[in-house]
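Morning, everyone. Please have the viewer open, and we will go through this one together.

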Amino acid sequence: MLLYISLLSSSVSPLNMKSFDTSSAVESGTVAGNNVDDDGGEKRTGTLMTASAHIITAVIGSGVLSLAWAIAQLGWVAGTVLLVSFAVVVNYTSRMLADCYRSPDAGTRNNTYMDVVRAYLGGRKVQLCGLAQYGSLVGMTIGYTITASISFVAIGKANCFHDKGHGAKFSVSNYPAMAAFGIIQIVLSQIPNFHKLSFLSIIAAVMSFSYSSIGTGLALADLASGKVGKTELTGTVVGVDVTASDKLWKSFQAAGNIAFSYAYSVVLVEIQDTLSSSPPENIVMKKASIVGVSTATAFYILCACMGYATFGSQAPGDLLTDFGFYEPYWLIDFANACIAVHLIGAYQVIAQPIFQFVEKKCNKAWPESNFITKEHSMNIPLLGKCRINFFRLVWRTIYVIFSTVIAMIFPFFNAVLGLIGAVAFWPLTVYFPVEMHISQKKIKKYTMRWIGLKLLVLVCLIVSLLAAVGSIVGLISSVKAYKPFHNLD
């Protein structure tokens, strides 16, 4: 953490650089010519590796541990088909979105998803894109806060079960863990921009590989020892495992969980904006998307299928925090610690577009305000000289507090996960990329390609709506059953 804060000592936010005339800055020597990119901003240095790390950090999240539960609701056939189908759709539309990063006329960069939509579609669709993107980003930061706190608490649970037995009673609240996660995020949120997050994303990607591998490995070990759950081609059985209505709603919710597990298009443009202009950003981003999505899909299928094979229709909502496994307890502790560390990094990857959107708007609205635009050099113990922007400090702190408080009010993991996935998936992963691709390539109406693309949009809309309904039903049920303290029986 300290290493990341020390990055502030040698960095100036590009948002603040944009508050004055860039050409004047170059002439005066404020910004060296070879450190300025083609749009006058700070020179990008991102590579295939850093972009892949950002994607993996955003994609392989804690949602991977809920996929066994999702497969249990849907069954071998529908569950596996949905996993692969979402992967194919996401990779296909991500390639479309990557090609739209440069404007169609002058080939200039579009720094955000909204800028891309403005360049190709314009009108009210820009506002709709902003609502969908930033609404889903806010939801994801809340979801990450919830999941990280569950992992923190699960470490204490694992130790309790090991010391006192699996039937031990112990009451613990998620609230202190959420508060601790929020404090960490307040500190890390002072990292100025996406360009300074590469190392944090690499660490987070390693953590995601670690806990996904542990979950898969523990399931495989149980299978090898003869523990095999009751599985079905169609998942949970009506009248045996669930009621007919539960089967319907949980299947929809499971579809949302799977959708959420691939939801990185929401930050794809912002990730692409970190890439160096040579080789072309769209080519590098397409390669990074293939690396990220294919890696994620391999882990998803392994973790989901192994978990379902082990637990069958009784698969827990989360393989680690819902205690599908109890021993070795130290490995469970390590895996949950990896989840928490990963989500610390993932939160920043998701939150940076929110931070920079607000800061850019405020810089533009009040360019003369020292509170908003001025960087202050301060000596901080153990860190040395650091650059602090008071507006950034206040605004980002308020946002983290907001997301933490909302997470405390709605700490219902599976239902929240599915709802976020359903809301974010269709507009940002399918609708806007397809519409911009049609505009960019000038695809004529009612041609076979146009019809095929429109059918893809329609099918994905139906899936997203059903997933949203299922998640809302699940959320209502969770609210009714929720108790702020968990009694561990």
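Let me start with a cut-off: a residue is buried when its relative accessible area is under 20%, with a 1.4 Å probe and protein chains only as cover. Exposed means over 50%, and partly exposed is in between. I need that for the helix I care about here, α13. Of its 37 residues, 26 are buried, so α13 is largely enclosed by the rest of the structure.

One caution before we go on. This is a predicted model.

Now the overall picture. The protein has 17 helices and four strands. It has 489 residues, and 56% of them count as buried. The exposed surface is about 19,900 Å², with carbon and sulfur atoms supplying 67% of that. Next, contacts. Take those between residues at least 6 apart in sequence: 82% of them join residues at least 24 apart.

Back to α13. It runs over residues 329-365. At 1.5 Å a residue, its 37 residues should span 54 Å, and the end C-alpha atoms are 54 Å apart, so the two agree. There is a kink, though. Where does it lie? At A351, shortly before the proline P353, and the angle is about 35°.

Please compare helix α12, residues 281-311. Its 31 residues should span 45 Å at 1.5 Å each. The end C-alpha atoms are 44 Å apart, which agrees. Just after α12 comes G312, with a positive phi of about 65°.

Next topic: charge pairs. Side chains of opposite charge can pair when their charged atoms come close. How many salt bridges does the structure hold? Eight. I will show some of them.

First on my slide, K360 and D115. They form a salt bridge, with the closest N and O atoms 3.8 Å apart. K360 sits in α13, and D115 sits in α6, residues 113-120, so the pair ties together parts that are 245 residues apart in sequence. What about burial? K360 has 36% relative accessibility, so it counts as partly exposed. D115 is at 16%, so it counts as buried.

Stay on α13 and look at E359. Its side chain meets that of R396 in a salt bridge, 2.7 Å from N to O. E359 is in α13 and R396 is in helix α15, residues 390-409, so to speak distant parts of the chain, 37 residues apart. Buried or exposed, these two? E359 is buried, at a relative accessible area of 3%. R396 is buried too, at 0%.

Now towards the end of the chain numbering. K454 forms a salt bridge with E435, and the closest N and O atoms are 2.6 Å apart. This pair also links distant parts of the chain: K454 in α17, residues 448-481, and E435 in α16, residues 413-441. They are 19 residues apart. K454 is partly exposed, with a relative accessible area of 28%. E435 is buried, at 11%.

There is also a network. R102, R109 and E281 are linked in it by salt bridges. Residue 281 is where α12 begins.

Let me turn to the loop between α16 and α17. K442 lies there. So does Y446. Which sign does phi take at K442? Positive, near 55°, in a residue other than glycine. Y446 is not a glycine either, and its phi is positive, about 70°. For accessibility, K442 is exposed, with a relative accessible area of 68%. Y446 counts as exposed at 63%.

Last topic: cysteines. How many disulfides does the structure hold? Zero. Take C303. It is in no disulfide, and the nearest cysteine sulfur, that of C305, is 9.6 Å away. A disulfide needs the two sulfur atoms within 2.5 Å. C303 is buried, with a relative accessible area of 0%. C160 counts as buried as well, at 8% relative accessibility.

To close, go back to α13 on your screens. Find the kink at A351. Then find K360 with its partner D115, and E359 with its partner R396. That is my tour.

Conventions
Residues numbered from 1 in each chain as written. Predicted model: local features only at pLDDT ≥ 70, side-chain atom pairs only at ≥ 80, totals over all residues. Heavy atoms only, no water. Helix = DSSP H or I, 4+ residues; strand = E, 2+ residues; numbered from the N terminus. Expected span 1.5 Å × (residues − 1). Bend = angle between axes of the 7 residues up to and from the residue. Contact = heavy atoms within 4.5 Å. Areas by Shrake-Rupley, 256 points an atom, 1.4 Å probe, with all protein chains shown as cover. Salt bridge = Lys/Arg side-chain N within 4 Å of Asp/Glu carboxyl O.
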